[in-house]
Every structure is written in structure tokens, then in C-alpha cells.
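Please examine the sequence and the three-dimensional model below before reading on. The paragraphs that follow are best read with the structure open for inspection.

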Amino acid sequence: MLGSSENDMMNDFRWIMDVVQNVDVGLVLLDRNYDIQLWNSFMQNHSALSAEDVIGKNLFDNFTEIDQKWFLRKVESIYLLKNSAFTTWEQRPYLFRFDNYRPITGKAEFMYQNSTFIPIQNLNGEISSICLIIYDVTEQAVNNIELGEANNKLEVISQTDGLTGLLNRKTWEDHLNNEFERQQRYNEDCTLVIFDIDHFKKVNDNYGHPAGDEVIRKTADVTRQCIRKTDIAGRYGGEEYVILLPHTHVDSAKILAERIRKKIESLIVCYEDFSINYTVSLGLSGFDKSLASPTAWIDSADQALYQSKEGGRNQFHIFDHSAK
């Protein structure tokens with residue numbers, strides 16, 4: 001029969017094992033060869049592998065989703081420094097690829113995990129094994145991801161013109177200010193284009209404001225089709241649009257201006273029973289060292305636009321900085 005002290009030890013052992021098996025985190029013990037020595041109920045339930053299936057077997061042979069090179073670097077540093085280590089779901093979404101079964105976070109395809117790596121000493125004080133603790137943080141991760149996506153959408157909305165989807169005036173002017181400062185330092189090629197819809201008031205008067213809104217939208221669509229990814233287009237107000245063309249000499253910008261003009265000229269906007277034809281006039285201004293401010297740059301392009309209007313519309317003009 002066991003003595004009282006032995007009974008106490010057995011009771012303590014059973015209590016410890018009961019906690020290990022039923023705690024709501026994953027516990028895995030790995031020896032120096034990365035063979036699994038402990039596999040608690042959490043790991044069994046989520047992997048569908050019992051302790052008998054995995055104990056004594058190599059971790060990497062059974063769980064190929066684990067990045068072995070990364071894992072070995074992580075664990076070998078623990079053996080060397082004798083300190084615990086951590087990894088979060090932001091750094092690595094999971095260590096073990098478990099399905100997510102929680103109804104609240106049902107959008108998640110897998111269980112997001114935080115992991116702790118703890119060195120375990122033997123009786124000689126040497127690190128002989130590593131204990132992995134796996135935390136299910138799916139709810140927190142999904143909430144953070146959704147919050148981040150919502151914030152990104154709000155940021156886009158705050159920068160975008162609601163009717164056209166182009167940058168709104170404030171955001172575009174922020175880009176203009178940044179580009180102006182950069183041009184003052186480097187004086188590279190850059191062209192500002194400003195254009196508006198000819199006789200837009202007649203569109204509203206003849207077809208109604210909803211039809212006018214459709215014309216504004218279609219003009220923005222043409223603009224998006226014509227510019228490069230690096231170009232910065234915005235709605236400046238009403239029926240007026242602006243484009244910044246970085247690394248573009250004004251002679252090259254003429255090609256874009258003519259492309260927009262021709263596409264708009266040949267465009268037919270259909271709204272209800274109406275078919276609407278219209279044109280645009282454009283003004284271009286390359287960056288020049290004589291420009292005192294971003295506003296002066298806009299003004300110079302606007303003067304070129306005025307020349308296009310005076311010249312009969314449906315055309316573009318370039319501001320001549322040398323004539324000032």
C-alpha cells in the first residue's frame with residue numbers, strides 16, 4: 001500500500017494532469033529532437049488527433065504547415081538564451097492550422113493563435129524540452145481585422161469625392177502641396193492639368209441635374225481610363241477636374257490632354273430618354289521655378305484653361321511661363 005506522502009504525490013500528479021488536459025489552451029511538450037511528449041485535450045479536440053496518434057512522433061512530420069526553418073531558429077535561440085519566446089497572430093496567423101469552429105467569429109477560415117515557447121529544465125538544470133502554449137485569439141483577431149478594414153474604408157471615404165470616386169478637393173490639394181515642395185527641391189518634370197465641362201449649365205437646364213450628375217460621373221470615368229496609376233486626379237469642384245502628372249514634361253502631357261478631349265468629344269451619355277453629347281476644355285501648366293506657391297501653379301493652369309474657353313472650347317492650351 002502507498003504511504004500518505006505517496007498518496008499526496010499521486011493526488012497532486014492527478015490534479016496537475018487534470019488541469020493540463022482541461023485547460024482552455026493548447027499544451028505541447030517537445031523534446032530535443034522535436035518529438036511530441038505531451039498533447040493535451042485542447043490540441044486533440046482541434047486537430048482531431050489523439051495523444052496516442054502523435055506522442056513519440058516528430059512535430060514536423062505530423063504538421064507540415066509549420067515553417068520548419070522559422071520554428072527551428074525560434075526554438076534554438078530559446079535553448080541558447082534559456083528565455084521564453086512569443087509569437088502573435090499579427091506576426092504569424094497561426095502555428096497549427098486548426099479550423100475555426102466559433103460561431104461568433106465564423107467569418108474566420110482558421111483559428112488565429114498567439115503562441116508562447118517556454119524552456120523546460122531537467123533535474124540537472126539543463127534545458128531538455130520546450131513547452132508550447134497555444135492560445136485561441138480568433139475573436140480578438142477578427143475584431144481587430146474588421147476594425148482595421150472599417151478604418152481603411154472611412155479613410156478612403158474621407159478622401160474621395162462621393163459623386164465621381166476621384167480624390168476630393170482637400171485631399172488632391174494635399175497631394176499638390178507635397179508635389180510642389182518636392183519640385184522646389186528637385187525641379188523635375190511635372191505638369192498640372194485643369195479642365196471643365198463646356199456649357200455645363202446648359203446640360204443641367206436642358207436635361208436636369210440628375211443628368212448633369214451622370215455627365216460628371218462619366219467624365220471622371222474617362223479621366224480614370226486615360227491616366228496612369230502614378231497620376232493624381234481629383235474633382236476640384238462642380239464640373240471642374242484636376243490632374244497632377246509627376247515626372248511628365250508638358251509636351252508629353254499634351255498627349256493625355258488630347259486623349260481626354262477626344263474621348264469626351266466622342267462620348268454619348270445616355271440618361272433616361274436623353275442622349276447627351278458634350279466637350280471639355282483643358283489648361284496645362286508645367287512646373288516652373290518662378291511659381292511662388294501651389295496656388296500660383298493652379299492659377300497658371302487656369303489661365304491656360306481660360307485661353308481654351310476664349311479660343312472656342314473643346315481644346316487645350318499650355319501656359320507659357322516665359323511670357324510672364
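The text below treats a sheet, helix packing, salt bridges, cysteines and one serine in turn.

The structure is a predicted model. A convenient starting point is an open sheet of five strands, whose order is β7-β8-β6-β11-β12 and whose pairing is mixed. Strands β7 (232–237) and β12 (316–318) stand at the edges; each has a single partner strand, so one side of each is left without a neighbour in the sheet. From one strand to the next, the twist averages 20 degrees.

Within this sheet, strand β6 (residues 190–197) pairs with strand β8 (residues 240–246) in the antiparallel sense, over seven bridges. One position to locate is D196, which stands opposite E240 in β8. Helix α10 (residues 250–266) lies across β6, β8, β11 (280–286) and β12. Relative to β11, helix α10 runs at about 170 degrees.

Attention may now turn to the packing of helices against one another. Two packed helices are described by the angle between their axes and the distance between the axes. For helix α7 (residues 169–186) and α11, the axes come within 9 Å and cross at roughly 105 degrees. Helix α7 is therefore roughly perpendicular to α11, as angles of 65 to 115 degrees are classed in this way. On the α7 side, the residues in contact are W172, L176, N177, E179, F180 and Q183, and they meet P294, W297 and I298 in α11.

A second helix pair is formed by α8 and helix α9 (residues 209–226), whose axes come within 7 Å and cross at roughly 135 degrees. These two helices are therefore oblique to each other. Here F200, V203, N204 and Y207 in α8 meet H209, A211, G212, V215 and I216 in α9.

How many salt bridges does the model contain? The count comes to 19 salt bridges, and three of them are described here. The side chains of D198 and K309 meet in one of these, with an N to O distance of 2.8 Å. D198 lies in the loop between β6 and α8 (200–207), whereas K309 lies in helix α11 (residues 294–310), so the pair ties together parts that are 111 residues apart in sequence. Are the two partners buried or exposed? D198 has 4% relative accessibility and therefore counts as buried. K309, at 17% relative accessibility, also counts as buried, because the class takes in values under 20%. The pair belongs to a network of salt bridges that links D196, D198, K309 and R313. D196 is thus the residue already met opposite E240 in β8.

Another salt bridge joins the side chains of K254 and D251, at 3.9 Å from N to O. Both residues lie in helix α10, three residues apart, which is about one turn of the helix. K254 is partly exposed, with a relative accessible area of 32%, and D251 is likewise partly exposed, with a relative accessible area of 45%. R97 also forms a salt bridge, its partner being D99, and the closest N and O atoms are 3.9 Å apart. R97 counts as partly exposed at 31% relative accessibility, and D99 counts as partly exposed at 40%.

The cysteines form the next topic. A disulfide is a covalent bond between the sulfur atoms of two cysteines. In this model the count comes to zero disulfides. For C190, which is in no disulfide, the nearest cysteine sulfur is that of C226, 18 Å away. C190 is buried, with a relative accessible area of 3%. C270 is also in no disulfide, and its nearest cysteine sulfur, that of C226, is 19 Å away. Unlike a buried residue, C270 counts as exposed, at 56% relative accessibility.

A last residue to inspect is S129, which lies in strand β5 (residues 127–136). S129 is buried, with a relative accessible area of 9%. Which residues surround it, when neighbours within four places in sequence are left aside? S129 is in contact with L29, L30, D31, Y79, I118, P119 and I120.

Technical notes. Residues are numbered from 1 along each chain as its sequence is written. This is a predicted model: local features need pLDDT of at least 70, side-chain atom pairs count only at pLDDT 80 or more; totals for chains, interfaces and linings use all residues. Side-chain values use heavy atoms; hydrogens and water are left out. Two strands pair if DSSP finds at least two bridges between them. Helices (H or I, at least four residues) and strands (E, at least two) are DSSP runs, numbered from the N terminus. Axes are lines fitted to C-alpha atoms, for helices over the stretch in contact, and angles run from 0 to 180 degrees between N-to-C directions. Contact means heavy atoms within 4.5 Å. A salt bridge is a side-chain nitrogen of Lys or Arg within 4 Å of a carboxyl oxygen of Asp or Glu. Buried means under 20% relative accessible area, exposed over 50%, partly exposed in between (1.4 Å probe, protein chains only). A disulfide is a pair of cysteine sulfur atoms within 2.5 Å. Angles under 35 degrees count as roughly parallel, over 145 as roughly antiparallel, 65 to 115 as roughly perpendicular and the rest as oblique.
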